[in-house]
Amino acid sequence: MILMQGKGVSKGVTSGPLYFFRRSSEEIPHYTADDIENEKSRLAQAQEKSMAQLEALAEQCRAEAGDESAVLFETHAMFVEDEDYVDCILSALEEEHCNVEYAVGQAGEQFAAMFGAMDDEYMQARAADIKDVTRRILNNLMGVVEGGIDSEEPVILAADDLAPSETLQLDKSKILGFITQGGSGNSHTAILARTMGIPAICGLGDALKQSYEGRTAYIDGETGKVVLEPDELTLQSFREKLAKQEQMRELMQTMKGQEDVTLDGRHIKLYCNIGSPEDVSAVLANDGQGIGLFRSEFLYLAASDYPTEEEQFQAYKSVAEAMNGKRVIIRTLDIGADKQVDYFHLTKEENPAMGLRAIRICLNRPEGFRTQLRALYRASAYGKVAIMFPMITSVWEVKECKRACKSVMAELTQEGIPFNPETEIGIMIETPASIFMAHDLAKLVDFFSVGTNDLTQYTLACDRQCNDLGKFFVPHHPAILRALKMAADAAHEAGIWIGICGELGADLSLLPTFLAIGIDELSVSPASVLPLRAAIRESDTRACTLELLEQ
Ligand code: PEP
Ligand code: MG
């Protein structure tokens, strides 16, 4: 039996074959090729494979969203066979006797630079397309699979850690659970696992070896244990836990359609966190009563260039419509720190969590901000959309955000485009400054939503990505709970509601404290909705105390 101990970051037990994530490597091999004809034939095969993939993608888009959306993939297919591009690759093979990967990489760089230097904005934007096409051909040459998983059956996905943009590309239907060498409970792999309602374990370190690929692993997201070749006793206890999990799932189904109300009649808004329109199906399946946090940056992370107003509008509208009149809180772009987007060309920072991120980028780049706000207001005509600004520290920031909203509303009115002028505006409370300024901030907005992931990191001075802080990283720290109380008091004094959209919101052991503090909304991963509903329905606010705030 091989036992690995990590940190459970998403509950549940499962078993399945281990599969290591194949990263589309940045490193392109370079060597002298003896057989140039062989390199040419590898190129032809990779082109053929790329064409087939692009045709399938165009076909899928056509079926799901109409002809227009398929244009991108049709353009990419044209690039794959573009005479100048292919000639450039072939001449490098002939003249430099290099391997085909290197020739393709060089051609891609040359063409991207050429497009990037053009005056016409449209042509400049094609640089991103040529990079994308080049990456596709390279992946096909190097055997890297899109979606990261080349397996017919679902797997337990193993990795060192996954970047947010990598988690986006995964074929989620193939994943039973995640195990990673690094990462932390707040990493985006963990957040994704909780959204999907599957187990995840991080921080396994070197114990997780690539040579385990293909072997059946038994993982427990509660205890953080990963077992290969379990002995009889371990296997038996795993099976018992699995059976209990199934029973619990069935029991939780009875919570569907029930009200989120405590025994003493307090109603709680029980909402969900999502990262993309596809996640809405999980929200509906788990009977979430709204979306408390749509992390819009995932649209940016998934793209190779700035998503247009129209693309964003379609994404927001689809969520608003699917939620059918229930509140959908869309957070404006929150990139920077651990969420890096190449085409933003952000300056490298020593300490990016404290650098130019989130609302700071938006306020520094008003054009991009305006594009997103236009898309959000347009979507507001199709459901109960609310807009939320992240990483607020100052009153002036909120005032400037609101000015930007007003100016977008004026534009849309002038253009005769429908929108909801009563669209609610909220802010995330996730910096200590926003706690201290809560009374002033509350007068400016319709709601507060506490981002406990960042609030914990900034209040305790504990990097949310770091897995080694051990006893110093205390999510239940009274400082965090007191901060919550201060924000809640300020919100209620100003007559607005307050929710929690950070991961702490799903912590059942803190529910009585949240109720005592007066939290009005909890926004959690879809899989946490029904267990939380069951707990809310068994709670009596009159018996809830603030004792955890003392120490
Ligand atoms: C948070 O900080 O708690 C939050 C919800 O936002 P994110 O995790 O996306 O930073
Ligand atoms: Mg945050």
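1. In this predicted model, the backbone of Asp 454 makes a useful starting point: one of its polar atoms lies 3.0 Å from an oxygen atom of ligand 1. Two further backbone contacts involve oxygen of the ligand. For Thr 452, a backbone N or O atom is 3.1 Å from such an oxygen, and for Gly 451 the distance from a polar backbone atom is 3.3 Å.

2. How much of the accessible area of ligand 1 does the protein cover? On its own, ligand 1 has 280 Å² of accessible area, and the protein covers 100% of that area.

3. The site of the ligand should be described next. Ligand 1 sits in the largest cavity, whose volume is about 80 Å³. In total, the structure holds 4 cavities of 30 Å³ or more.

4. Which residues are closest to the centre of the largest cavity? Of the 14 lining residues, these are Arg 331, Glu 430, Asn 453, Asp 454 and Arg 464. By class, the lining of this cavity comprises 8 charged, 3 polar and 3 nonpolar residues. Strand β10, residues 291–295, and helix α17, residues 452–460, each supply at least two residues of this lining.

5. The shell around ligand 1 may be considered separately from the cavity lining. The ligand is surrounded by 14 residues, the closest being Arg 295, Arg 331, Gly 451, Asn 453 and Arg 464. The shell divides into 7 charged, 4 polar and 3 nonpolar residues.

6. Which element provides the largest share of the shell around ligand 1? It is α17, with 3 residues. At least two residues of the shell come from each of β10 and α17, and these two elements likewise each supply at least two residues of the lining of the largest cavity.

7. A reader new to the structure should also examine the second largest pocket, which has a volume of about 1,600 Å³. Its lining consists of 48 residues, and those nearest the centre are Ser 10, Lys 11, Gly 12, Arg 194 and Ser 528. The lining contains 18 nonpolar, 18 polar and 12 charged residues.

8. Several elements contribute to the second largest pocket. At least two lining residues come from each of β2 (7–10), α7 (188–196), α8 (232–253), α17 and α20 (529–538). Among these, α8 gives the most, with 7 residues. Helix α17 deserves attention in both regions: it supplies at least two residues of the lining of this pocket, and it also provides the largest share of the shell around ligand 1.

Methods: Residues numbered from 1 in each chain as written. Chains lettered and ligands numbered in written order. Predicted model: local features only at pLDDT ≥ 70, side-chain atom pairs only at ≥ 80, totals over all residues. Heavy atoms only, no water. 1 Å grid on protein atoms, 1.4 Å probe; cavity = no way out; pocket = protein on both sides within 12 Å on 5 of 7 lines; lining within 4 Å. Points joined across faces, edges and corners; volume = space filled by probe spheres on them. Helix = DSSP H or I, 4+ residues; strand = E, 2+ residues; numbered from the N terminus. Nonpolar A, V, L, I, M, F, W, Y, C, P; charged D, E, K, R; others polar. Near = heavy atom within 4 Å. Polar contact = N/O pair within 3.5 Å; in protein donor to acceptor, adjacent residues only side chain to side chain. Areas by Shrake-Rupley, 256 points an atom, 1.4 Å probe, with all protein chains shown as cover. Sits in = over half its atoms within 2 Å of the grid points.
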